[in-house]
2 protein chains.
Amino acid sequence: MAYFDVASSAPLHPVARQALQASLDEGWADPARLYREGRRARMLLDAAREAAAEAVGCRPDELTFTPSGTHAVHSGVAGALAGRRRAGRHLVVSEVEHSSVLHAAEAHEAANGSVTRVPVERTGAVVPEAYAGALREDTALACLQSANHEVGTVQPVAEVAEACRAAGVPLLVDAAQSLAWGPVEGGWSLLAASAHKWGGPAGVGLLAVRKGVRFAAQGPSDERESGRSAGFPNLPAVVAAAASLRAVREEAAAEAGRLRGLVERIRARVAASVPEVEVVGDPERRLPHLVTFSCLYVDGEALLHELDRSGFSVSSGSSCTSSTLTPSHVLRAMGVLSEGNVRISLPLGVAEADVDRFLEVLPGVVAGVRERLGAPVAGPAEDVSDAGGELVVDALGKRCPVPVIELAKVIGDVPVGGTVRVLADDAAARLDIPAWCQMRGQEYVGEEPADRGAAHVVRRLG
Amino acid sequence: MAYFDVASSAPLHPVARQALQASLDEGWADPARLYREGRRARMLLDAAREAAAEAVGCRPDELTFTPSGTHAVHSGVAGALAGRRRAGRHLVVSEVEHSSVLHAAEAHEAANGSVTRVPVERTGAVVPEAYAGALREDTALACLQSANHEVGTVQPVAEVAEACRAAGVPLLVDAAQSLAWGPVEGGWSLLAASAHKWGGPAGVGLLAVRKGVRFAAQGPSDERESGRSAGFPNLPAVVAAAASLRAVREEAAAEAGRLRGLVERIRARVAASVPEVEVVGDPERRLPHLVTFSCLYVDGEALLHELDRSGFSVSSGSSCTSSTLTPSHVLRAMGVLSEGNVRISLPLGVAEADVDRFLEVLPGVVAGVRERLGAPVAGPAEDVSDAGGELVVDALGKRCPVPVIELAKVIGDVPVGGTVRVLADDAAARLDIPAWCQMRGQEYVGEEPADRGAAHVVRRLG
């Protein structure tokens, strides 16, 4: 029973629970009212804002509480774009932002704004010079996460903030994944975060807008939270969020080294004990508690199911899990394997024994899933045809990871220097076949149009 | 220590507290995840949705949870207007809606939509025929509250819903004030509500959208809550909201008669024991627990302050309270006195003794405030001049209730049939001088432009 998915949502921290319960009695009234219950609520709200602002590294009057991190991002992006409308309607984001940022960018495009998505390196990090190169005369806002939510890579926020400052463009930092570990360095202009990611309650986001940043709140007007977040304040949760952020910061300082060591162990042991695996993300510039790897020839949903049965709760960016039919946009932007993807994000105080048990269980679980999928095996597969000297694998209608498995089965039948064409219509193939080639030392020649789906051409090098 | 302002926010109901605490352990994970913690959260969310839908009187798949009642209204209005954009861009609201509805209407106007605000009678109720008359070929949406939040008047929702049905226009009902007392009758299309109004936690609103109603959620896309409410769900609060709505409904059925009787007592005793008072709102078609009255020659802020000192927490729609400089739009639309306004909204289980103590204290508190303001007294005031046979009162720069007090001081000096001109630049004078004339049996001749503010002309009839 080990929960290794705090990057999705962390269990409520004991300090959050205490603060929540205490403020249920004191914090239910409207802080805008003048009677005693209202004054008490106002005092709680003011104290929570001061505590949270100190942890964020901003002034209390720069910080507003929103109903979620998603609301903080949506309101922050919309307000900053509107406030800088005279400068232009161009928005810069990285390709690996959280979906809330990318959805805000899509909404901006739908309203005839323009968006540049800055690519990332194979580690998941943007290159500051490339990011700076995306800034234009008409750029109204730039967005960059402090650290990636799927692979843990820390972004060069300070360098990008400096480039934005030089260009006169405000930078919004999505700090959802990193705020527990410390304030965001560098000269950011806006910052968004989410309490349930650090062990605070659901229902609380933070939006900081530095004094002097042009900002025009969008949507119907509302007098709450400086006009930046509509609706009756969720005061007990706000109090719990602020109190737990301070508590988590203290623990995180003590825990960072230990968790970093456990993640090192996972990175090393997974690479050594699971064949055909790719550990992704920057091995150094990363969050202390998060590690992600992908396993060739494995179906992500089956893997999660088996790990859950073994008592481990983890998540996956594979296409073959939950409701999505496309692989994680983060893995796609990094150009790494998406099949059999597993993200581990360790809670504060995680038992070392649980991590070790996971490492013991994992190789067998992966092997079991591979065996059931019939991969990898040597020898020709049944649906291989020799079409004029070139092997063709028909994987049409087959979902990840089957096209890659079929490819692996036949590569031994291809003469060195020869090619094989994999016909596939699963979106993940576009990512996973090139990733397989990189892992196996084969050449990905490219993709060609086909009657259905696409033909992925692979040349055997050895 | 009596809290009489549940129409602002109700203390947390014991059932809400229990459910919240229980679900803090079970409901912190992401209900979209497939592992055990996620599945548990999903079960809690589904159960809460079923319970809340039953109380609302809709199908579970018609109900979404939002971060607040304000969000429910804003999302409901924007989504319904966008969904019916082909029909037209005309919106109908009553003049006495909650500010969240009126702000949504203003946002629609700012986006070049058109809005008709249907007036109300002196009771605060719309006339169904008048409301029906506002519906047009290009009306995309109509909005009507189930009951007014400031005066308690119940609106003729069923009749208006029938008129909307006949015109093919969806009706959005803001049920924030009435949902604790029962489901909304009639054929509404959309419904919004807020949990902290019924004793649920802050941070939860309800938005119901009937199947078949055209609806296009606005803002950046998000897969949560059928795409109608973005952000990570506030699950423990949602569970507490649903559980407490059921519990409150049961208590409300038992309490309605008792509270109705207490409100009758307040209506009668206030009218009998406080001179120069107007009890407003419909005496019959009203919420069981809410009553509002206005006291001539009284400053609302001073009155609230004195009542708070005496241990009573109430609110006011007067202009001279909290941060606003204009009187309540509800009282203005009703054409009733706004000065010295007090709203009492009794909690479930309120002690009869507290109500009686309030009734004992009130006359003295009102008299004390009047005495300090020097009103009402007989004889000419100092700043009265006889300008060619007409008295002029210069109340420029003076705030509510001073202009009315000055008028009352001089009316005895005006010959019957003669007029007095009150020069005033306080927005409340425009409402309170006509209201004073109606209460005192004098004639309000009208308002004339003046160098500063306006001249309000009053004719003495007796």
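Two strands are said to pair if DSSP finds at least two bridges between them. In this predicted model, strand β16 (residues 443-449) of chain B and strand β17 (residues 454-459) of chain B meet that condition with six bridges, and their pairing is antiparallel. Within this pair, B:P449 lies opposite B:A454 of β17(B). The hairpin that β16(B) and β17(B) form has four residues between the strands, and here B:G453 adopts a positive phi near 60°.

A further example of antiparallel pairing is found in chain A, where three strands make up an open sheet in the order β9-β10-β12. The edges of this sheet are taken by β9 (277-280) and β12 (341-345) of chain A; each has a single partner strand, so one side of each lacks a neighbour in the sheet. Averaged over the sheet, and with direction ignored, neighbouring strands are turned by 20° against each other. For a closer look at one pair, β9(A) is joined to strand β10 (residues 290-295) of chain A by four bridges in the antiparallel sense, and A:V277 is found opposite A:C295 in β10(A). The sheet also has a helix packed on it: helix α7 (residues 235-273) of chain A touches β9, β10 and β12 of chain A, and the direction of this helix makes about 155° with that of β9(A).

In chain B, helix α7 (residues 235-273) is in turn a partner of helix α2 (residues 36-56), the two axes coming within 9 Å and crossing at roughly 30°. The crossing of α2(B) and α7(B) is left-handed. On the α2(B) side, the contact is made by B:A41, B:L44, B:L45, B:A48, B:A51, B:A52, B:E54 and B:A55. Facing them from α7(B) are B:L235, B:V238, B:V239, B:A242, B:L245, B:R246 and B:R249. By character, the residues of this contact comprise 12 nonpolar and three charged, with no polar ones. The charged residues are B:E54 of α2(B) and B:R246 and B:R249 of α7(B).

Finally, the two chains can be compared as whole copies. A turn of 180° with a shift of 0.0 Å along the axis lays chain B on chain A with an RMSD of 0.0 Å. Chains A and B are therefore related by a two-fold axis. The same surface serves both copies, as 100% of the contact residues of chain B recur in chain A.

Methods: Residues numbered from 1 in each chain as written. Chains lettered and ligands numbered in written order. Predicted model: local features only at pLDDT ≥ 70, side-chain atom pairs only at ≥ 80, totals over all residues. Heavy atoms only, no water. Axes fitted to C-alpha atoms, helices over the stretch in contact; angles between N-to-C directions. Helix = DSSP H or I, 4+ residues; strand = E, 2+ residues; numbered from the N terminus. Left-handed = near helix turned anticlockwise from the far one by under 90°. Contact = heavy atoms within 4.5 Å. Least-squares fit on C-alpha atoms with pLDDT ≥ 70 in both.
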